[in-house]
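Here's a quick briefing to read with the structure open in your viewer. Have a look around first, then come back for the notes.

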Amino acid sequence: IYLFNKNIFNFLDKIQDHTKVIFTCSVRSYDFFVDYLSENSKTFTFVWQDKSPYSSGIIIDKTRNSYTVSKNIVTSQTDLIVGI
């Protein structure tokens with residue numbers, strides 16, 4: 001998804017066209033974008049951990065009516081998207 005260096009979280013409707021989405025930033029919560037994921041899609045993102053220099057990598061598998069989360073896939077030092 002090429003957005004000319006714009007914040008993808010301002011254009012969440014764009015991710016519905018894809019079945020695999022990777023976010024390279026950290027977010028405080030993934031709840032706000034799960035509804036934008038397409039059916040039968042997978043997403044990787046980092047979740048910010050307060051009081052820790054590391055973020056936890058997770059995979060979200062979205063189905064028609066629900067989703068599952070695989071936690072602690074990997075940890076890394078990633079920047080938090082401000083305001084998200």
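Which residues form one aromatic cluster? Phe23, Phe32 and Phe33 do. Keep in mind that this is a predicted model. Two of those names, Phe23 and Phe33, come back among the core residues that touch the most other members.

**Layout of the chain**

- You're looking at one helix and four strands, which run β-α-β-β-β from the N terminus on.
- The chain has 84 residues, and 35% of them are buried.
- Its accessible surface comes to about 5,700 Å², with 48% of that belonging to carbon and sulfur atoms.
- Take the contacts with a separation of 6 or more: 27% of them are between residues 24 or more positions apart.

**How the strands pair**

- E1 and E2 go together in the parallel sense, over five bridges, and Val21 stands opposite Thr43 in E2.
- On to E2 and E3: these two pair in the antiparallel sense over eight bridges, with Thr45 opposite Ile58 in E3.
- E2 and E3 also make a hairpin, with six residues between them. If you're checking backbone angles, look at Lys51 in the turn, where phi is positive at about 65 degrees.
- Strand E2 covers residues 41-48 and is mostly covered itself, since six of its eight residues are buried.

**The nonpolar core**

- As a bit of background, nonpolar side chains in soluble globular proteins tend to be buried together.
- In this model the largest nonpolar core has 15 residues, and the members touching the most others are Phe9, Ile15, Phe23, Tyr30, Phe33 and Ile60.
- Strand E1 (20-27), helix H1 (31-34) and strand E3 (55-62) each put in at least two residues.
- E1 gives the most to this core, with four residues.
- Phe33 is a handy residue to click on: setting aside neighbours within four places in sequence, Phe33 is in contact with Phe9, Leu12, Ile15, Phe23, Val27, Thr43, Thr45 and Ile60.
- Two residues from the strand pairing turn up in that list of Phe33 contacts, namely Thr43 and Thr45; Thr43 stands opposite Val21, and Thr45 stands opposite Ile58.

**Aromatic pairs**

- Searching the whole structure turns up four aromatic pairs.
- One of them is Tyr30 with Tyr67, an edge-to-face pair at 6.2 Å centre to centre with 90 degrees between the planes.
- Why does that pair tie together parts that are 37 residues apart in sequence? Because Tyr30 lies in the loop between E1 and H1, while Tyr67 lies in strand E4 (residues 67-76).
- Is Tyr30 buried or exposed? Tyr30 has 16% relative accessibility, so it counts as buried, the cut-off being under 20%.
- Tyr67, on the other hand, is partly exposed, with a relative accessible area of 33%.
- Phe44 and Phe46 form another edge-to-face pair, this one at 5.1 Å centre to centre and 85 degrees between the planes.
- Both ends of this pair are buried: Phe44 has a relative accessible area of 18%, and Phe46 has 10%.

Methods:
Residues numbered from 1 in each chain as written. Predicted model: local features only at pLDDT ≥ 70, side-chain atom pairs only at ≥ 80, totals over all residues. Heavy atoms only, no water. Core = buried A, V, L, I, M, F, W, Y, C linked by side-chain atoms within 4.5 Å. Buried < 20%, exposed > 50% of the residue type's maximum accessible area, 1.4 Å probe, protein only. Contact = heavy atoms within 4.5 Å. Areas by Shrake-Rupley, 256 points an atom, 1.4 Å probe, with all protein chains shown as cover. Pairing = 2+ DSSP bridges. Phe/Tyr/Trp six-rings, centres within 6.5 Å; stacked < 30°, edge-to-face > 60°.
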